Amino acid sequence: MSEGSARETHKPIALLDMDGVLVDNVSFDGAVTKFIVSALAEQRALTLASAKRAWERELAESRTDCRWYDYDFHCQRLGLANLASEAHAVLADRLRLVPGAGLTVDLLRRSHTEVVVATDAVPAVAEFKLRHLGLNADRVVSSQLLGATKASSAYWARLREKLGGRPVLVLIENRLDNILAARSELGRSTLYVRFAFHEHVTRLPARVTASEWSLDASNDILTVRTHAALRRGLERELS
């Protein structure tokens, strides 16, 4: 192994969620859903309201499948052509970076930390979003690749194995259930940060303001609302 390769192997790792931490996906994913529902309505000669109900039933019935985050998985189950790529190409201009996300990635890179995107999105979708928004991760690890979603401890156990047991400096994630599953496998030496950009996903403690991060003493999980506050906390941890 070369000296450079050895340095890479010993770099600490930062695990970052994609949607809701790096990517503001709400408008984009809502539009993709409408695109597919419209196609379903046309194919089955349904009203949009009926097609939407059929889509919602499909999501509910397949909720425990690790392919649940794959639009084409649902299209196939509904008898539609694979529409994800077409919808993404048409609607890409709706994708937005979470404000300050690029600066956070830059900070981690300057600190000689490997940036790994841990996501439930399928690889092609994750790579499409990151590429479109100009974000460069060292690697992307999807639930499809690992055969389990992030809400399962199996995802984090397989991810830890894939990373060769290297130390994980920080996990930045917007769902508490995912963090709790990760902590059972990654251990207490990792810093766990709940990123609450989308308040419909993460209910904020009243004490958390936009300018700081706050520690929940009951579970040692930090909560932060903005990348500016996140970077201030990371700079303290990395110094």
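What covers the buried residues of helix 5? Helix 2 (26-44), helix 4 (71-77) and helix 7 (123-133) are among the elements that do so. The model described here is a predicted one, and the points below take up its helices, one strand pairing, its open and enclosed spaces, and two residues with a positive phi.

**Helix 5**
- Within helix 5, which spans residues 84-91, the buried residues are Ala-84, Ala-87, His-88 and Leu-91; these lie on the same side of the helix, because the arc that they cover around the axis is only 100°.
- Ser-85, Ala-89 and Val-90, by contrast, are exposed on the other side of helix 5.

**Helix 6**
- Helix 6, made up of residues 101-110, has Ala-101, Thr-104, Val-105, Leu-107 and Leu-108 as buried residues; they sit on the same side of helix 6, since they cover an arc of only 155° around its axis.
- The cover over these buried residues of helix 6 includes three strands, namely strand 1 (13-16), strand 3 (96-97) and strand 4 (114-119), together with helix 11 (227-238).

**Strand 9 and its partner**
- In strand 9, which runs over residues 221-224, Ile-221 and Thr-223 point one way while Leu-222 and Val-224 point the other way, and all of them are buried.
- That arrangement can be read against a general pattern, in which the side chains of a regular strand alternate between the two faces of the sheet.
- Strand 9 pairs with strand 7 (residues 191-195) in the parallel sense, over three bridges, and Thr-223 in strand 9 is the bridge partner of Arg-194.

**The largest pocket**
- The largest pocket has a volume of about 770 Å³, and of the 30 residues that line it, Asp-19, Asn-25, Asp-29, Trp-68 and Tyr-69 lie nearest its centre.
- Helix 2, helix 3 (48-61), helix 4 and helix 7 each contribute at least two residues to this lining, and helix 2 gives the most, with five residues.
- Sorted by class, the lining of the largest pocket consists of ten nonpolar, eleven polar and nine charged residues.

**The cavity**
- The structure contains one cavity of 30 Å³ or more, and the volume of the largest cavity is about 40 Å³.
- The largest cavity is lined by Leu-22, Val-105, Val-115, Val-117, Leu-130, Leu-135, Asn-136 and Ala-137; of these residues seven are nonpolar and one is polar, while no charged residue takes part in the lining.
- Val-105 therefore appears in two of these groups, as it is a buried residue of helix 6 and also belongs to the lining of the largest cavity.

**Positive phi outside glycine**
- As a general background, most residues other than glycine have a negative phi.
- Ala-45, although not a glycine, has a positive phi of about 55°, and this residue is found in the loop between helix 2 and helix 3.
- Ala-45 counts as exposed because its relative accessibility is 70%, where the cut-off for exposed is over 50%.
- His-112 is likewise not a glycine, yet has a positive phi of about 60°; this residue follows helix 6 and lies in the loop between helix 6 and strand 4.
- With a relative accessibility of 59%, His-112 also counts as exposed.

Note on methods
Residues numbered from 1 in each chain as written. Predicted model: local features only at pLDDT ≥ 70, side-chain atom pairs only at ≥ 80, totals over all residues. Heavy atoms only, no water. Buried < 20%, exposed > 50% of the residue type's maximum accessible area, 1.4 Å probe, protein only. Helix = DSSP H or I, 4+ residues; strand = E, 2+ residues; numbered from the N terminus. Pairing = 2+ DSSP bridges. 1 Å grid on protein atoms, 1.4 Å probe; cavity = no way out; pocket = protein on both sides within 12 Å on 5 of 7 lines; lining within 4 Å. Points joined across faces, edges and corners; volume = space filled by probe spheres on them. Nonpolar A, V, L, I, M, F, W, Y, C, P; charged D, E, K, R; others polar. Arc of directions from axis to C-beta. Contact = heavy atoms within 4.5 Å.
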